[in-house]
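Pull up the model and have a look around with me. We'll go from confidence to core to pocket.

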Amino acid sequence: LNNGRKLRVTSHHAMVLADGRIVAAEDVVEGDTFVSPEGHIVEIDGIGRAVTSADVYNFSVAVDTPQEHVIAAEGVLVGDLAWQSTLESEMESIRLRR
């Protein structure tokens, strides 16, 4: 990221883009932008893919509205596990309609 940090997520993690769209991490491309918790635009400088056997930790916050499921990671806003699960579910239902 152009904020000097490296964000590592699974391919299906819900990503909050600066234009308000929520997409799976695998659909993010170089040049897309995120928003920092302070409201600054953070651009993706490059994307790499890696396989890992390391533990992966997911966070899900207990809140009342979908907007509250936004969390900060490496200086950008992303969705929590609840959003990831919802996004996967919605994408599968869209595939079924095709």
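What follows is a short tour of a few features.

This is a predicted model, where local features need pLDDT of at least 70, side-chain atom pairs count only at pLDDT 80 or more, and totals for chains, interfaces and linings use all residues. Residues are numbered from 1 along each chain as its sequence is written, and side-chain values use heavy atoms, with hydrogens and water left out.

On confidence, pLDDT is the predictor's own score for each residue, from 0 to 100. The protein averages 84, with 89% of its residues at 70 or more. Helices (DSSP H or I, at least four residues) and strands (DSSP E, at least two) are numbered from the N terminus. Among these elements, strand 4 (residues 41-43) has the highest mean pLDDT, 97, and helix 1 the lowest, 65.

Now the core. A nonpolar core here is a set of buried Ala, Val, Leu, Ile, Met, Phe, Trp, Tyr and Cys residues joined through side-chain atoms within 4.5 Å. The largest one has eleven residues: L1, M15, L17, V23, A25, V28, F34, V42, I44, V76 and V78. In soluble globular proteins, nonpolar side chains do tend to be buried together.

One core member, M15, sits in strand 1 (residues 14-16). Its C-alpha atom is 9.4 Å from that of E26, eleven residues along the chain. D80, for its part, is found in the loop between strand 6 and helix 1 (81-97). Buried means under 20% relative accessible area, exposed over 50%, and partly exposed in between (1.4 Å probe, protein chains only). M15 and D80 are compared below; contacts are heavy atoms within 4.5 Å, leaving out residues up to four places away in sequence.

| Residue | Relative accessibility | Contacts |
|---|---|---|
| M15 | 2%, buried | L7, V9, R21, I22, V23, A24, A25, V28, F34, V78 |
| D80 | 0%, buried | F59, S60, V61, H69, I71 |

L1, also in the core, has contacts beyond four places in sequence that include F34, V42, I44 and V76.

Finally, the pocket: an open set of points on a 1 Å grid over the protein atoms alone where a 1.4 Å probe fits, with protein on both sides within 12 Å along at least five of seven lines, and lining residues have an atom within 4 Å of a point. Which residues lie nearest the centre of the largest pocket? They are K6, L7, R8, V9 and T10, out of 35 that line the pocket. Strand 5 (70-73) and strand 6 (76-79) each give two or more residues to that lining, and strand 5 has the largest share, three.
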